[in-house]
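Let's take a walk around a protein model and see which side chains keep each other company. Have the structure open while you read.

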Amino acid sequence: MQAETQLTAEHARFLARQPARLTAADRAAIERLAADVPTIWRAASTTAAERKEIVRLMLDRVVIAVEGETENMEVECHWAGGRRTRHRLRRAVRRMTQLAGHDELLARTTALFTEGLRPPAIARTLAAEGWLMPHGRPVTEGSVRAWLQRRGLLPDGRRRPTLVVERAPDEFTVAELSVRLGVPEGTIYRWLYKGLVPARRAQAVSQNLWLVRLDDALAHDQQRRPRKPTKVEHAT
């Protein structure tokens, strides 16, 4: 009896380690799903991990080619079975000058200003026309003001009474640096809060201001610039 019980337990463990046998109905259902991968991908029951597994099974490798330093890139997918597909995508970039349509965007901004539109209306018009910022967001009023100031079409900020403060010739406010460097004010404030760029606080007419040496800001801006992208191949 003891030997029989032991053999029965071992047989049960053996069966538990064996893959389940598919019925004809199970096999037919799997074949139908394999022929309709989009349905599996979009199914609410498909988890993120399962989608990654589907990609690993279907893709041999992905080749990414970036057009210079612009936001434009082409992705070539090498699928299992030999098929290849190409897709045009937009990536986030750091600077306005990296945008492929940078010159056209500035020309359009200048033209709208010449027509009599002010920065808020210009920003709305550019957003409606589909122009985008480096990170893919619509054009903002602040960006429009910075472009116009950089071209000398709007005051650059030094003439504002609230910004009158004693400072060295090479010291600039955040707003002024934003215009000179073509970098959003929020980005410069992050540099200051993280201690990445030396700065000092100064009392203006009605507020405290950060003052930053232009050389310090330029040096950090140069360091953070991404290296020129090259063709990259990712194997799956």
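Which residues form one aromatic cluster? They are Y189, Y193 and W210. Keep in mind that you're looking at a predicted model.

**The aromatic cluster**

There are two aromatic pairs in the structure. In one of them, the rings of Y189 and Y193 have planes at 20 degrees and centres 6.0 Å apart, so this pair counts as stacked; the cut-off for stacking is planes under 30 degrees apart. Where do these two tyrosines sit? Both are in helix α9, which covers residues 185-193, and they are four residues apart, or about one turn of the helix.

Are they buried or exposed? Y189 is partly exposed, with a relative accessible area of 29%, while Y193 is exposed, at 60%.

Y193 also pairs with W210: their ring centres are 6.5 Å apart and their planes are at 70 degrees, so this pair is edge-to-face. The pair links distant parts of the chain, with Y193 in helix α9 and W210 in strand β6 (residues 208-213), 17 residues apart.

**Arginines over rings**

W210 has a charged partner as well: R201 lies over the face of its ring. Elsewhere, R51 lies over the face of W41. Here are the two arrangements side by side:

| Arginine | Ring | Distance from the ring centre |
|---|---|---|
| R201 | W210 | 4.6 Å |
| R51 | W41 | 5.8 Å |

**How α9 meets its neighbour**

Back to helix α9, the home of Y189 and Y193. It packs with helix α8 (residues 174-181) at an angle of about 120 degrees, and the two axes are 9 Å apart. The crossing of α8 and α9 is right-handed. Which residues meet there? From α8 come V174, A175, L177, S178 and L181, and from α9 come E185, I188, Y189, W191 and L192. So Y189 has a double role on your tour: the residue is part of the aromatic cluster and takes part in the meeting with α8.

**A glutamate in strand β2**

Now hop over to E76, which you'll find in strand β2 (residues 72-79). Is E76 buried or exposed? With a relative accessible area of 12%, E76 is buried, because buried means under 20%. Its side chain is joined to that of H78 by a polar contact of 2.8 Å. Leaving out residues up to four places away in sequence, E76 touches R61, V62, V63, R84, T85 and R86.

How values were computed
Residues numbered from 1 in each chain as written. Predicted model: local features only at pLDDT ≥ 70, side-chain atom pairs only at ≥ 80, totals over all residues. Heavy atoms only, no water. Phe/Tyr/Trp six-rings, centres within 6.5 Å; stacked < 30°, edge-to-face > 60°. Buried < 20%, exposed > 50% of the residue type's maximum accessible area, 1.4 Å probe, protein only. Lys NZ or Arg CZ within 6 Å of the ring centre and 35° of its normal. Polar contact = N/O pair within 3.5 Å; in protein donor to acceptor, adjacent residues only side chain to side chain. Contact = heavy atoms within 4.5 Å. Axes fitted to C-alpha atoms, helices over the stretch in contact; angles between N-to-C directions. Left-handed = near helix turned anticlockwise from the far one by under 90°.
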